Amino acid sequence: QVQLVESGGGLVQPGGTLRLSCAASGTIFRINDMGWYRQAPGKERELVAEITSGGITNYADSVKGRSTISRDNAKKSVYLQMNSLKPEDTAVYYCNAEITTTWRWTTNYWGQGTQVTVSS
């Protein structure tokens, strides 16, 4: 079994900062790409940022320059630092990872989501 557990969401004022964390656990052989997605009410889930196992990153235009994705392979974790937050960043944020299990089965896993609300 593989689990992704997010933390760090909450209520923040416009212009504020937030750091999301996601830790993977379970029968993991290798973690490949990791990323963060978000889904606002009434909208489709969208990519926020992603990072390869080698550290190559990609960001949505809406967060580029305001966010930094990083990972700690030893801790099986991925992080998203968000600065200069805007009300339109309000959404449920989901961690995603492509994981190869100890049975050599590779698939995408999702966390349960963490709410980020940007409001004064």
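1. A quick cut-off before anything else: a residue is called exposed when its relative accessible area is over 50%, buried when it is under 20%, and partly exposed in between. That matters for Arg104, which counts as exposed because its relative accessibility is 51%. Keep in mind throughout that this is a predicted model.

2. Overall architecture. The protein chain is built from strands, with 11 of them and 0 helices. Reading along the sequence, you simply get β-β-β-β-β-β-β-β-β-β-β. Of the contacts with a separation of 6 or more, 56% are between residues 24 or more positions apart.

3. Dimensions and surface. A compact globule of 120 residues would be expected to have a radius of gyration near 14 Å, and the protein chain agrees, at 14 Å. The C-alpha trace spans about 45 × 25 × 25 Å along its principal axes. As for burial, 42% of the 120 residues count as buried. The chain exposes about 6,500 Å², with carbon and sulfur atoms supplying 48% of that area. On the charge side, there are 12 positive and 10 negative charges, and their mean positions sit 6 Å apart.

4. Back to Arg104, this time for its backbone. Arg104 is placed in the loop between strand 9 and strand 10, the latter being residues 106-110. Its phi is positive, about 65°, although Arg104 is not a glycine. Most residues other than glycine have a negative phi, so this is a spot I'd put on the list for a look at the backbone.

5. Lys76 belongs in the same conversation. What is the phi of Lys76? It is positive, at about 55°, and again Lys76 is not a glycine. Lys76 falls in the loop between strand 7 (67-72) and strand 8 (77-82). With a relative accessibility of 31%, Lys76 counts as partly exposed, whereas Arg104 counts as exposed.

6. Arg38: buried or exposed? Buried, with a relative accessible area of 6%, which is under the 20% cut-off. The residue lies in strand 4, residues 28-39. Two side-chain partners stand out for a charged residue in that setting: Arg38 makes a polar contact of 2.9 Å with the side chain of Asp89, and another of 3.3 Å with the side chain of Ser62. Leaving out residues up to four places away in sequence, Arg38 touches Glu44, Arg45, Glu46, Val48, Ser62, Val63, Glu88, Asp89, Ala91, Val92 and Tyr93. Both polar partners, Ser62 and Asp89, appear in that list.

7. Asn96 is another buried polar residue, at 8% relative accessibility. Asn96 is found in strand 9, residues 91-101. Which side chain does the side chain of Asn96 meet in a polar contact of 3.4 Å? That of Asn108. A polar atom of the Asn96 side chain also lies 3.3 Å from the backbone oxygen of Tyr109. Beyond residues up to four places away in sequence, the residues Asn96 touches are Leu4, Asp33, Met34, Gly35, Tyr37, Asn108, Tyr109 and Trp110.

8. Leu18 is in strand 3, residues 18-26. Leu18 counts as buried, since its relative accessible area is 13%. Apart from neighbours within four places in sequence, Leu18 is in contact with Gly8, Gly9, Gly10, Leu80, Gln81, Met82, Leu85 and Val116. Its C-alpha is 12 Å from that of Thr90, with the two positions 72 residues apart in sequence terms.

9. Gly9 picks up the thread from Leu18, as the two are in contact. Gly9 lies in the loop between strand 1 (2-7) and strand 2 (10-12). At 32% relative accessibility, Gly9 counts as partly exposed, while its partner Leu18 is buried. Setting aside residues up to four places away in sequence, Gly9 touches Leu18, Leu20, Thr114, Gln115 and Val116. Val116 is therefore a shared partner, being in contact with Gly9 and also with Leu18, going by heavy atoms within 4.5 Å. In space, the C-alpha atoms of Gly9 and Gly113 are 9.0 Å apart, although the two residues are 104 apart in sequence.

Methods
Residues numbered from 1 in each chain as written. Predicted model: local features only at pLDDT ≥ 70, side-chain atom pairs only at ≥ 80, totals over all residues. Heavy atoms only, no water. Helix = DSSP H or I, 4+ residues; strand = E, 2+ residues; numbered from the N terminus. Rg over C-alpha atoms; globule rule 2.2 N^0.38 Å. Buried < 20%, exposed > 50% of the residue type's maximum accessible area, 1.4 Å probe, protein only. Areas by Shrake-Rupley, 256 points an atom, 1.4 Å probe, with all protein chains shown as cover. Lys, Arg positive; Asp, Glu negative; His and termini not counted. Charge placed at Lys NZ, Arg CZ, Asp CG, Glu CD. Polar contact = N/O pair within 3.5 Å; in protein donor to acceptor, adjacent residues only side chain to side chain.
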